[in-house]
Amino acid sequence: MFSSVWNFVKRHKRKFIFTGALVGGAYFLGRYAQKRMRDIGEREAGEYISQARRQFHFESNQRTCNMTVLSMLPTLREAIIHQLNSESLTALLKTKPANRLEIWEDLKIISFTRSIAAVYSTCMLVVLLRVKLNIIGGYLYLDNSAGGAAASSMAPPDVQQQYLSSIQHLLGDGLTELITVVKRAVQETFGDVSLKHSLSLSELEQQVSWVRAQVEGGSSTDPGAPSRRPLTWYMMADEESTLADQACGLTENDVLTVKLLNETRDMLESPDFNTVLTTVLNRGFSRLLDNLSEFFRPPPGDSAPISAADSLAEVSLPLAKIIPIINGQINTICSETPSYFVQDLLMIEQVKDFAANIYESFSVPQDLQK
């Protein structure tokens with residue numbers, strides 16, 4: 001029996017060798033495939049964990065942005081009120097001075113200037129902090145991801161502090177220049193409007209749009225007015241004013257700060273930033289007019305069944321009555337408690353998308369961006 005089996009094996013030797021090779025190859029191929037699938041699974045799991053970690057860090061960074069905006073609004077409000085002190089004029093009017101009309105005219109200009117400047121500066125603060133904190137947030141994510149593997153930190157604490165302190169330009173020289181430009185535009189728009197002249201909400205909206213046109217478009221009728229600066233100038237000092245001025249003596253941290261400032265400037269000069277800023281400004285001024293609309297509603301006794309839009313168009317108020325209303329808007333605009341005004345700005349989808357794009361750009365290693 002064994003002899004016949006042996007003869008059978010010899011007759012079909014090649015077939016057995018081929019079958020053995022096939023089975024063995026299939027076995028090792030299967031083991032290799034399993035290893036590859038396991039490697040792919042581990043890599044995909046690692047990528048998923050990395051993406052989840054980065055998403056969590058991004059969302060945390062956005063909450064930090066929101067809280068930072070709210071924390072800085074009282075400082076912004078005080079800076080505006082310090083330069084446009086209408087309270088002293090209001091107190092003076094209560095004494096019934098002889099030059100009462102002159103004081104009312106001054107109050108008119110200051111009241112409109114400070115509320116319009118408050119809208120501009122608050123909107124600028126929202127978008128500027130979004131840019132800055134997402135640039136620095138992206139670098140911090142890279143630092144944290146690298147752990148001890150990185151040769152040096154891309155955003156050490158001293159650099160973070162130095163970089164973020166540049167926001168003081170918006171609260172200082174930038175704000176002063178902005179107020180000067182807005183005040184000039186308000187003077188040209190409202191200067192000749194009598195205190196007794198009545199304005200509807202739509203007429204008031206048109207007046208405000210003329211102020212905006214002069215501030216943003218430089219359409220001043222004053223031949224002596226300086227040329228318009230881009231809105232980004234109020235948010236960030238000229239390059240000549242930065243640390244880059246100092247041709248020598250820069251520390252390593254200074255160099256990193258200059259790099260961050262230059263990257264920020266490039267971002268502020270991009271078309272996308274201009275589009276986002278315009279969107280935020282439009283929403284800000286729309287919210288301001290919504291706040292004012294509460295004072296343009298017909299008296300409760302009016303029984304005419306007309307639409308809300310028609311009722312607002314029919315109601316007019318003397319400018320003298322509008323002045324105290326517009327004067328008090330700064331307390332709503334620059335409120336550190338989450339008001340509808342600030343919440344509207346923080347929740348704009350274009351702002352969120354822009355912030356996500358910035359964070360994405362700066363949280364990916366440069367060698368992976370190429």
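**Exercise 1. Arg-114**

Task: Determine which backbone oxygen the side chain of Arg-114 reaches, and establish whether Arg-114 is buried or exposed.

Solution. The side chain of Arg-114 reaches the backbone oxygen of Leu-84 at 3.4 Å. This distance comes from a predicted model, and it falls inside the limit of 3.5 Å for a polar contact. Next, place the residue: Arg-114 belongs to helix H4. Its relative accessibility is 1%; since buried means under 20%, Arg-114 counts as buried. Then list its neighbours, leaving aside residues up to four places away in sequence: Arg-114 touches Ile-80, Ile-81, Leu-84, Ser-86, Glu-87, Asn-327 and Ile-330. Finally, consider a pair distant in sequence: Arg-114 and Ile-179 are separated by 65 residues along the chain, yet their C-alpha atoms lie 7.5 Å apart.

**Exercise 2. Leu-133**

Task: Locate Leu-133 among the helices and identify which residues it touches, not counting those up to four places away in sequence.

Solution. Leu-133 is situated in helix H4, which covers residues 100-146. With a relative accessible area of 7%, Leu-133 is below the 20% cut-off and is therefore buried. Beyond the excluded sequence neighbours, Leu-133 touches Asn-61, Thr-64, Cys-65, Thr-68 and Leu-164. For Leu-164, the C-alpha separation from Leu-133 is 8.2 Å, with their positions 31 residues apart along the chain.

**Exercise 3. Gln-214 and helix H8**

Task: Find which side chain forms a polar contact with that of Gln-214, and then describe how H8 packs with H10.

Solution. Gln-214 is part of helix H8, residues 201-217. Its relative accessible area of 13% is under 20%, so Gln-214 is buried. The side chain of Gln-214 makes a polar contact of 3.1 Å with the side chain of Thr-189.

Turn now to the helix pair. Two packed helices are described by the angle between their axes and by the distance between the axes. For H8 and H10 (residues 271-293), the angle is about 150 degrees and the axes are 11 Å apart. Because an angle over 145 degrees counts as roughly antiparallel, H8 and H10 are assigned to that class. The crossing of H8 past H10 is right-handed. On the H8 side, the contact involves Leu-201, Leu-204, Glu-205, Val-208, Arg-212 and Glu-216. On the H10 side, Leu-281, Asn-282, Phe-285, Leu-289, Leu-292 and Ser-293 take part. Sorted by class, the contact of H8 with H10 holds 7 nonpolar, 2 polar and 3 charged residues.

**Exercise 4. Helices H10 and H15**

Task: State at what angle the axes of H10 and H15 cross, and give the handedness of the crossing, left-handed or right-handed.

Solution. The axes of H10 and H15 (residues 349-362) cross at roughly 150 degrees and come within 9 Å. That angle makes H10 roughly antiparallel to H15. H10 passes H15 in a left-handed crossing. From H10, the contact draws on Asp-272, Phe-273, Val-276, Thr-279 and Val-280; from H15, it draws on Gln-350, Val-351 and Phe-354. By class, the contact of H10 with H15 comprises 5 nonpolar, 2 polar and 1 charged residues.

**Exercise 5. The whole protein**

Task: State how many helices and strands the protein has, and what percentage of its residues is buried.

Solution. The protein contains 16 helices and 2 strands. Of its 370 residues, 40% are buried. As a last step, take the contacts between residues at least 6 apart in sequence: 83% of them join residues at least 24 apart.

How values were computed:
Residues are numbered from 1 along each chain as its sequence is written. This is a predicted model: local features need pLDDT of at least 70, side-chain atom pairs count only at pLDDT 80 or more; totals for chains, interfaces and linings use all residues. Side-chain values use heavy atoms; hydrogens and water are left out. Helices (H or I, at least four residues) and strands (E, at least two) are DSSP runs, numbered from the N terminus. Buried means under 20% relative accessible area, exposed over 50%, partly exposed in between (1.4 Å probe, protein chains only). A polar contact is a pair of N or O atoms within 3.5 Å; within protein, one must be able to donate a hydrogen and the other to accept it, and residues adjacent in sequence count only if both atoms are side-chain atoms. Axes are lines fitted to C-alpha atoms, for helices over the stretch in contact, and angles run from 0 to 180 degrees between N-to-C directions. Angles under 35 degrees count as roughly parallel, over 145 as roughly antiparallel, 65 to 115 as roughly perpendicular and the rest as oblique. A crossing is left-handed if the near helix is turned anticlockwise from the far one by less than a right angle, and right-handed if clockwise. Contact means heavy atoms within 4.5 Å. Ala, Val, Leu, Ile, Met, Phe, Trp, Tyr, Cys and Pro count as nonpolar, Asp, Glu, Lys and Arg as charged, and the others, Gly among them, as polar.
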